[in-house]
Amino acid sequence: MEPVSAKDLAFRKICTERFILSICYSLLQQYLLVTIFLLFINFSILHPINWIVGTVRLLVSFYPWIASVPLAVAVTLHGIVLAKSCLLESRYHSTYFRKLYRNLVQRSVLLLTNGTIGCLTAWLYTRFLRDEYRLLFLSSDQQDEVTHLNDRFVYLLMSGVFGGSYYFAREQPNPGAVDFPIILLPKVAQYWNNLSSALTKSMRKSFVGMFIYMCFYYTFSCLFRHRLASFLGGAKLQDDSTLYSFCNIVMDVRLLVYTWLFSALILSNINLMHVLFRIFLTEPQNFSLETSVFQANDEPLLADALAYKQIPIVQQLAADDLFVVAEAQCNVRRKQLFALTVPGGHPNNWRRVYEVCMKLIGEFTQELEHSIDGIEPKPAPPMVLMGGVLRPTASMDKEHFMKKQYNQNFGIRSLSTPTLSSPNGANSDARSTKSHAKAVDKVMSIATAMKRIPGYDFLFVESKSSKSYYLLSVQSQLIVKVTQSLVAIASRSLAEDTYGVLQNDLSCIVHTLLELKRVVDKIGAINLDVKRVDRNYIALKGAVKKSLYRFTSAFGPYIKHLVIEPEDFKALQGFVNFREV
């Protein structure tokens, strides 16, 4: 086992601290949801004081804290699984089947933890209900002491399992993805806004989920009711008829209300856990810009964080920090970027950041250009006259006929024409070739028949635009931040770079941005399904244009004096004159 480097430990420490805070606040969130549940079920419009006092007395008692221990353990395990999914390096999967195969274990564990949270949440909430909804076994009304399996309790418990599993499949296609907000609000404001919207959406979506669960329970209850009763010590069923038992459940309005409330709170709980993870993971992180040989600095460098691809969140945090450095009104950190090392007098601080940024943009441009190779350009619109589509004229038909007659007169055979039969001496070779061709045709026919199966291409065939879709949807946000930050620093260097550390790198920055713009513009001229990545594509295209306009606005009077290639100089003239294509 290889030892972990100090840089890896520093980056993992940043993520671990955020994960621990997210899990702790997720545990506190359970008591908030329990409070909402108790306020709902104990609601009394005639005695509001007793309603509030009774709810508070129940919350501060010792029983809810003991009963919530299993749910707290499940939430902690679910948080650990979410943390591991956020730490995974993003990889490209060529086919949907390979993506399912690679993520099978992770998705299965997440499905298990979601179902467990739903089950334990339903069990916890039933502790505060009546005996007919709270107990697993009910005593018989007759004198003989016979216990019956409580169908209502089983129904509520299964609704929790179904709710956690169903909403995981519906609402969480990619649990490891973290979207960084455009405008950063305080943590309390972010959570409060998401709390109200999550509760509202969950209550609305739970109506549909409740009816789907009713159909699911009626379909499969005949399979597990008798087995569950025999597994739990041979308890008897209240109603042997599955249809009669289901009718009793459906006609219980209070039970349906509890089912709807359980589903809404379970969905809100799972969604708000993701909200807490996003809030703490997207919290700004200040990385160090300079190192000194005279003082030890254990903080990770910004350049190292930008180049750290093992944890994508670290790269995003570094890109956000670079954007803050570039756009901040206070130039204290930019002075560190433009400063020279002591001793030596070298611009190492800037060189580290510059080389990493140029490498990121260059690799993204090459991969994006390579991903669109082989994709056909958009077909030209047909020529239409006043009377309709343009048809072949008589001269075009005559030319085609003359070419065919010329080929026949001089013995020029078309490649699609079958060859002449071989002499008698080569009959054995012809037979073997013919049998081999038949075998190949049979295999090809089987492969063709398999490709005709619905869903085969979706699962096993790589789409031409899948790599482009991956790059634009996963990596474009990072490139947008890096591009804008690099040009912003270069623009501000006119007034703040006293040593001229950026002077020799301006031409390379311009060339890299123009290459990226050329590839991005090329995407609009091919048959790429940009509707799937419309937001990311437009953001990347706008960021590149904005960066070039900002560069030409800042260095417009000095562009002729910069060492720029003639093609780049010609391409910049459109931005200088505000007439770019």
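Of the 581 residues of the protein, 38% count as buried in this predicted model. The chain is arranged into 22 helices and 5 strands. Among contacts with a separation of 6 or more, 79% are accounted for by residues 24 or more positions apart. One pair separated along the chain is formed by R352 and L289, which stand 63 residues apart in sequence and whose C-alpha atoms are separated by 9.2 Å. R352 is part of helix α15, which covers residues 348-371. With a relative accessibility of 31%, R352 is classed as partly exposed, because this value falls between the 20% limit for buried residues and the 50% limit for exposed ones.

The largest nonpolar core contains 81 residues. Within this core, the residues with the most contacts are F287, L306, W350, F364, V482, I489 and L540. Helix α19 provides the largest share of the core, namely 12 residues. Residues of the core are given both by domain 1 (6-282) and by domain 2 (302-376 + 465-577), and the core therefore lies between the two domains. In soluble globular proteins, nonpolar side chains tend to be buried together. The surroundings of W350 were examined with residues up to four places away in sequence set aside; on this basis, W350 touches L337, L486, I489, V501, L502 and D505. A second core, separate from the largest one, comprises 36 residues, including L38, A67, Y125 and M273.

Helix α19 spans residues 466-496 and also holds S493. The relative accessible area of S493 is 8%, so this residue counts as buried under the 20% limit. When residues up to four places away in sequence are not counted, S493 is in contact with F338, L502 and F555. L502 is also among the residues touched by W350, and F555 is one of the residues that lie nearest the centre of the second largest pocket.

This second largest pocket encloses about 310 Å³ of space. Its lining consists of 14 residues, and those nearest its centre are L494, Q503, L506, F555 and L562. At least two lining residues are supplied by each of α19 and α20, the latter covering residues 506-523. By class, the lining of the second largest pocket comprises 7 nonpolar residues, 6 polar residues and 1 charged residue. Helix α19 thus appears in two settings: it supplies residues to the pocket lining and gives the largest share of the largest nonpolar core.

Enclosed space was also examined. The count of cavities of 30 Å³ or more comes to 3. The largest cavity holds about 40 Å³ of space. Its lining is made up of S159, F162, G163, Y166, Y167, G209, M210, Y213, T259 and S263. Three helices, α8 (151-171), α9 (187-231) and α11 (253-281), each supply at least two residues of this lining. The most is given by α8, with 5 residues. The lining of the largest cavity divides into 5 nonpolar and 5 polar residues, with no charged residues, whereas the lining of the second largest pocket includes 1 charged residue.

Technical notes
Residues are numbered from 1 along each chain as its sequence is written. This is a predicted model: local features need pLDDT of at least 70, side-chain atom pairs count only at pLDDT 80 or more; totals for chains, interfaces and linings use all residues. Side-chain values use heavy atoms; hydrogens and water are left out. Helices (H or I, at least four residues) and strands (E, at least two) are DSSP runs, numbered from the N terminus. Buried means under 20% relative accessible area, exposed over 50%, partly exposed in between (1.4 Å probe, protein chains only). Contact means heavy atoms within 4.5 Å. On a 1 Å grid over the protein atoms alone, a cavity is a set of points where a 1.4 Å probe fits but cannot get out, and a pocket is an open set with protein on both sides within 12 Å along at least five of seven lines; lining residues have an atom within 4 Å of a point. Grid points are joined across faces, edges and corners, and a volume is the space filled by probe spheres set on the points. Ala, Val, Leu, Ile, Met, Phe, Trp, Tyr, Cys and Pro count as nonpolar, Asp, Glu, Lys and Arg as charged, and the others, Gly among them, as polar. A nonpolar core is a set of buried Ala, Val, Leu, Ile, Met, Phe, Trp, Tyr and Cys residues joined through side-chain atoms within 4.5 Å. Domain bounds come from an automatic or database domain assignment.
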